[in-house]
Amino acid sequence: LIRIIRCIHHRHHLSLLAFYIDIILFLSTCVTALISVVLTIRSLPFFLPPEEEEVEEEGGKSSSWLVGTGTGWVEMGEGIIPGGDQAAASGTVKRRGCTCSKEDFLPEPSFQSWSAYGKAMKDTLPRLCDRVTARSMDQKELTEVKARSGHEMKRDLSWWDLIWFGIGAVIGAGIFVLTGLEAQSAAGPAVILSYVVSGVSAMLSVFCYTEFAVEIPVAGGSFAYLRVELGDFMAFIAAGNILLEYVIGGAAVARSWTSYFATLLNHHPNDFRIHATALKEDYSWLDPIAVVVLAAVCVAAVLSTKGTSRFNYIASIIHVVIILFIIVAGLTKADTKNLSDFAPFGARGIFNASAVLFFAYVGFDAVSTLAEETKNPARDIPIGLVGAMTITTAAYCLLALTLCLMVPYQKIDPDAPFSVAFSAVGMDWAKYIVAFGALKGMTTVLLVSAVGQARYLTHIARTHMVPPWLANVHGRTGTPINATIVMLFATAVIAFFTKLDILSNLLSISTLFIFMLVALALLVRRYYLSGETSPTHRNKLVTFLLAILLSSVAMAAYWGSHRDGWWPYPVIVGVWFLSTLGLHLSVPQARAPKLWGVPMVPWLPSLSIAINIFLLGSIDAMSFVRFGIWTAFLLVYYFFIGLHSSYDTAKASSPAAVDPVKRLEEGNGH
C-alpha cells in the first residue's frame, strides 16, 4: 500500500507493471481480510448458527451427494430433493454449519474430480440444450428452491415498509447528480420531459414486476421470474446483468456520496480523492471514502431487515421534508426566462438524457426482492411498488423544474447542481441543507440496494449457478450474510476506481435490458401455458413477439444512427402497433393472474418493451462495448462452471418418478 501511494505521487519511483502488481496484491490482501472478517463474525455468539444436527432416515441411497443450503447441506441422491426434511423422499439428511471448504462452493458431482469435470465438459452441448429448454415452475421456486437456504427469511414487512423502501431505494444520486449533468450537456430545461419519459418507462416496468412479485413472492426478483417463463439460460444472462446493475449502481451512488460530502465541508469533490496518475483518467481518481461508506452499509444490512426498514423510512421522511424545502425555497428564486430556450438540443437531446436518467429510477426492483419477507404480498406489493414510483416520478419532475427555473441551464454545476444553484441565487446557507439531504438520500439508496442485491444473489445461489455458499440465510438474523458481504465488496472495488459518467451509462444498459426481458416474460406468462396452449397459438405468439422485438430494435437502431428524416418512424411504429394488435386479437390468454394483474395486456407490456429498447438506442457506443465484454465473461463462466453445477442440481432435484409436468427444470420443457 505504501508503494502504491508513493507511485501515485511520484510516478517515476515505480514502474507501471509494478504498480499494477501492487494493486493486485493489495486487493488480494483485502479479499483475505474479508474472509477472515466473515469467519470471525460468524463465530460471535450472536451469529452462531443453531447446533449441528444429524437426522438419519431409512432407505437412504449410497450414491448421494451434498447440496449446499447455505447454513447446512442436504445430502442428495436418487429420490431425494434438496431443502430439508420435507423435501427428502428418502435417504440420509445431514446438516452442518457453513464452512469455507470446496464442498461449500462446488459440491456437485461434475466437480468432484478432474475426470468427472472432463466428462462434464464433453457433455457441454447436450447439457446446454437441456438448460436452454428448461423452465422452472412457480411452486418449485416457492418451496424447494427457497428451502435450499436452510432458514426462512422473516416475514415482517408491510406496504408501509415497501413504500419507504421504494422511495429510499430510488431517490438518491440520480436526481442530485445526473440532473445537472444532463441538463447542462444533453437536454437543457427539457430535462423535465426526459424525467417524464424515463418515469413512464419505469412505471410500465413496475406494473410487470408487481404481477410477478405477487404471483411468485421469492427473493430472486426478476431472476426467478425469467427462470420460470424464459428458461434457465436466459435467466442466467439476466442474473449476471442484475448483479452488474447493483454493483455499478452502488458504486455510482457511493462516489456521489463523496461529492456531496465534500460540498458539505466546502471542498471540491476531488479534494477527498487520490489522483493516481499511473492509471487512465476515467479510473485514476481513487475514492477511499466511498469504500468506508459501503463497509458501514454492509454492517447495517446484515443485522436486520426490519431494523433496516425502520431506519430507512425514518430517514426517507426526513428526505421528503428536505425535498419539499428545495422545491419551495428554490421556486422563491425562480426566473421563467431560464425556460425560454426550453429544448436547445432538440428531441434527440431529450431522449438521450432519458436513457441516462433512467439510472435515477433504478432501485424499485430491489423492492420486489423483498416479496419473500412481506406479510401479505397480494396487497402490500402493488401498493408499495406503484405508490413509491408515483411519489418518486412527481418529486423528480418538480425538482428538475425547480433547478432549471433557478439558474440558466448553461450555468448548472454537473457535480452538485442544487447546492451550487442555491449559492448562485444568494442562498449560500441552503446548500448545506441540500448536501445533507443528498447524503441522507444516497445513504438509504445504498442501504436498500445492499438488501436487494444480496437477495438476488441468494436466490441465484440456490440454483447453484453461483456457489451455494452464497445462499446462506442466517438462523439468528434471518439475513443472507455471505451474499451481502460479497456483493458490497465488489461494489467497493468498482467505486474505488471508476468515474460516475462511465458507471451511469453502463448501469442504464443493464437495467433497460433486464426490464425489457421482464416485460417479455410477462407476455409469455399470460399467453403461453405448457400443455394447454395449442401449437397454432404458440407459433402465433412467437411470431408476434418477434415482430414486437424487431420493430422496437429497428426504431432504436435508426434513432441511434443519427440520420435525418422522420418518415421511417411512422412505418416502424405501425409495425409495432399491428403486431401488438394481432397478439391481442388472435391469441387467447392462457392464464389469468390469481391475485393482481397488469391492466391492458398486451398493450402495456408491449409498450414497455418498445420504450426500453428505444432508450437503449440512445446510449453511447463504448457503453455497449463494455456491456458486450461483461456478457462474454458471463458466457465463459456459464460454459465452464454455472452450466454444469446448475445441471447437476436440477437433475438431482427432479427424480425420474416425478410427474413430467413437474420436471420442467430437469430440461426439455416445451
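Q: In this predicted model, which helix holds Thr458?
A: The model is predicted, not experimental. Thr458 has its place within residues 430-462. That stretch is helix H18.

Q: Is Thr458 buried or exposed?
A: The cut-off for buried is under 20% relative accessible area. Thr458 has a relative accessible area of 0%. Thr458 is therefore buried.

Q: Which backbone oxygen does the side chain of Thr458 reach?
A: Residues three or four places apart on an α-helix point the same way, because there are 3.6 residues a turn. The side chain of Thr458 comes to 2.7 Å from its partner. That partner is the backbone oxygen of Ala454.

Q: Val445 is in helix H18; is Val445 buried or exposed?
A: Buried requires under 20% relative accessible area. Val445 has 8% relative accessibility. So Val445 counts as buried.

Q: What separates the C-alpha atoms of Val445 and Asn312?
A: Along the chain, Val445 and Asn312 are 133 residues apart. In space, their C-alpha atoms are separated by 9.0 Å.

Q: Tyr432 lies in helix H18; what is the relative accessible area of Tyr432?
A: Buried stops under 20% and exposed starts over 50%. Tyr432 falls in between, so it is partly exposed. Its relative accessible area is 29%.

Q: How many Å apart in space are Tyr432 and Thr263?
A: In sequence, Tyr432 and Thr263 are 169 residues apart. C-alpha to C-alpha, the two are 7.8 Å apart.

Q: What does helix H11 reach from its first C-alpha to its last?
A: H11 spans residues 232-264, with 33 residues. At 1.5 Å a residue, 48 Å is expected. The model comes close to that, at 47 Å.

Q: How many residues of H11 are buried?
A: H11 has 33 residues. The helix is largely enclosed by the rest of the structure, because most of these residues are buried. The count is 30.

Q: Which residue with positive phi follows H11?
A: The phi is near 60°. The residue is Asn266.

Q: Are H21 and H22 roughly parallel or roughly antiparallel?
A: Helix H21 covers residues 535-560 and helix H22 covers residues 568-586. They pack at about 160°, with axes 9 Å apart. Angles over 145 degrees count as roughly antiparallel. H21 and H22 are therefore roughly antiparallel.

Q: How many nonpolar residues are in the contact of H21 with H22?
A: H21 passes H22 in a left-handed crossing. Their contact includes seven polar residues and one charged. The nonpolar residues number 16.

Notes:
Residues numbered from 1 in each chain as written. Predicted model: local features only at pLDDT ≥ 70, side-chain atom pairs only at ≥ 80, totals over all residues. Heavy atoms only, no water. Axes fitted to C-alpha atoms, helices over the stretch in contact; angles between N-to-C directions. Helix = DSSP H or I, 4+ residues; strand = E, 2+ residues; numbered from the N terminus. Parallel < 35°, antiparallel > 145°, perpendicular 65-115°, else oblique. Left-handed = near helix turned anticlockwise from the far one by under 90°. Nonpolar A, V, L, I, M, F, W, Y, C, P; charged D, E, K, R; others polar. Expected span 1.5 Å × (residues − 1). Buried < 20%, exposed > 50% of the residue type's maximum accessible area, 1.4 Å probe, protein only. Polar contact = N/O pair within 3.5 Å; in protein donor to acceptor, adjacent residues only side chain to side chain.
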